[in-house]
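This note is addressed to a colleague who is meeting the structure for the first time. Please keep the sequence and the model in view while reading the points.

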Amino acid sequence: MTLVVTGATGHLGRLVVESLLARGVPAAQVVAAGRAVGRIEDLAARGVQVRAVDYDDTASMDAAFADASAVLLVSGLEPDRLRQHKDAIEAARRAGVGFVGYTSIVNADTSGLRLAEDHQATEAALRASGVPYALLRNSWYFENYTANLPLVLEHGALLGSAGEGRVSAASRADYAEAAAVVLSSPAEHAGRAYELGGDEAVTLAELAAEISAQAGRVVSYVDLPEDEYARTLAGFGVPEPMAGVLADADRGLSRGELHTGSGDLRRLIGRPATTLKEAVASALRALPTA
Ligand SMILES: NC(=O)c1ccc[n+]([C@@H]2O[C@H](COP(=O)([O-])OP(=O)(O)OC[C@H]3O[C@@H](n4cnc5c(N)ncnc54)[C@H](OP(=O)(O)O)[C@@H]3O)[C@@H](O)[C@H]2O)c1
């Protein structure tokens, strides 16, 4: 059994590798793949196979997938990621990989988020490929919010355009564990689409209130019109196309498109998902002390 995790140089993929090892998969059977492999030399030192994979370099995928029984394809971030994903799926098919897991977006069947378009087309390519697959349709990471905690605390404001919509956020580690469960027992999951999200869905006002309560400072949620939110993000240095996509995602959030009550995440990982309270507490603990 050789399990290849792409995106292992990034946050989610690395956590998937850690989760596979924690579940008792021998390190020699785990392949951590990504571009910036210098970032994961420590995994090589622990016996994990490290392979360079660039979604723009077909030969690198042919080599990395050659002996793979299963591949987790972590979705990319670049503008032409759909073509990259299609190339990766085609490489997996050529290599005779027995199973591909793909990190998609929650409610992909119906989502109107601009971000969802590449995921929907990738899912279609996977279905057409004939390779057995499972879809790990992730809702938002709590870390999307907690990564900005210093700024939020400094300004006493959490900005968004999500209205009173509820997001089924969970931690990256939760989603990674779900991916590791699926990747390490592919036969049980082939053909399945999992709608993954936290057990409780929260509004951004509730998130701000939780930060306030735990940090002991007033933090309010400030709801902006979509275009104003996009302009504000751009003003903070987010590249304009991405600012638009993020504001559009908040509008989707306001319509409930990042909400799921499926319970799939909890069932896959066999424990409750990380709560809002836990996510905020752990992010506050991680802040450098002044
Ligand atoms: N659900 C959510 O809330 C949410 C939020 C943000 C992103 N996402 C999606 O989930 C994915 C994983 O999230 P993350 O937090 O782990 O992101 P991340 O830390 O930015 O990691 C992205 C990974 O994708 C790899 N990658 C990007 N382009 C690649 C290419 N052309 N060839 C090979 N590898 C490539 C990167 O490799 P190198 O670093 O080695 O270049 C990195 O390992 C993201 O890529 C994005 O599609 C989901």
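The numbered points below treat the nonpolar cores, two helix pairs and three individual residues.

1. Status of the model. The structure is a predicted model, and the remarks that follow should be read in that light.

2. The largest core. The largest nonpolar core comprises 59 residues, and the members that touch the most other members are V16, V17, L20 and F65. Among the contributors to this core, helix α8 (residues 172-184) gives the most, with eight residues. There is also a second, separate core, which has 30 residues and includes L113, A116, V202 and L276.

3. V17 in detail. Which residues does V17 contact once its neighbours within four places in sequence are left aside? The partners are V5, A8, V30, A32, L43 and V48. V17 is also one of the four residues that touch the most other members of the largest core.

4. Helices α1 and α8. Helix α1 (residues 11-22) packs against α8 at an angle of about 55°, and the two axes lie 8 Å apart. Angles of 35 to 65 degrees fall outside the parallel and perpendicular classes, and α1 and α8 are therefore oblique to each other. The crossing of these two helices is right-handed. On the α1 side the contact is made by H11, L12, L15, V16, S19 and L20; on the α8 side it is made by R172, A173, Y175, A176, E177, A179, A180, L183 and S184. By class, this contact has 10 nonpolar, three polar and two charged residues. V16 and L20, which take part in this contact, are also named among the residues with the most neighbours in the largest core.

5. Helices α11 and α12. Helix α11 (residues 226-235) and helix α12 (residues 240-254) pack with their axes 8 Å apart, at an angle of about 140°. Since roughly antiparallel requires an angle over 145 degrees, α11 and α12 are oblique to each other. Their crossing is right-handed. From α11, the residues E226, Y229, A230, L233 and A234 meet E240, A243, G244, L246, A247, D248, D250 and R251 of α12. The residues of this contact divide into seven nonpolar, one polar and five charged.

6. L224, ahead of α11. L224 is found in the loop between β9 (220-223) and α11. Is L224 buried or exposed? Its relative accessibility is 13%, so L224 counts as buried. Apart from neighbours within four places in sequence, L224 is in contact with L159, G160, S161, Y229 and T232. L224 and L159 are 65 residues apart in sequence, while their C-alpha atoms are 7.2 Å apart in space. Y229, another partner of L224, also belongs to the α11 side of the contact with α12.

7. T2, at the start of the chain. T2 is placed in the segment before β1 (3-5). With 13% relative accessibility, T2 counts as buried. Not counting residues up to four places away in sequence, T2 touches Q29, V31, D67, A68, S69 and A70.

8. N107, a backbone detail to inspect. N107 lies in the loop between β5 (100-105) and α5 (116-129). What is notable about the phi of N107? The phi angle is near 60°, a positive value in a residue other than glycine. N107 has 16% relative accessibility and therefore counts as buried.

Definitions and conventions:
Residues are numbered from 1 along each chain as its sequence is written. This is a predicted model: local features need pLDDT of at least 70, side-chain atom pairs count only at pLDDT 80 or more; totals for chains, interfaces and linings use all residues. Side-chain values use heavy atoms; hydrogens and water are left out. Axes are lines fitted to C-alpha atoms, for helices over the stretch in contact, and angles run from 0 to 180 degrees between N-to-C directions. Helices (H or I, at least four residues) and strands (E, at least two) are DSSP runs, numbered from the N terminus. Angles under 35 degrees count as roughly parallel, over 145 as roughly antiparallel, 65 to 115 as roughly perpendicular and the rest as oblique. A crossing is left-handed if the near helix is turned anticlockwise from the far one by less than a right angle, and right-handed if clockwise. Contact means heavy atoms within 4.5 Å. Ala, Val, Leu, Ile, Met, Phe, Trp, Tyr, Cys and Pro count as nonpolar, Asp, Glu, Lys and Arg as charged, and the others, Gly among them, as polar. A nonpolar core is a set of buried Ala, Val, Leu, Ile, Met, Phe, Trp, Tyr and Cys residues joined through side-chain atoms within 4.5 Å. Buried means under 20% relative accessible area, exposed over 50%, partly exposed in between (1.4 Å probe, protein chains only).
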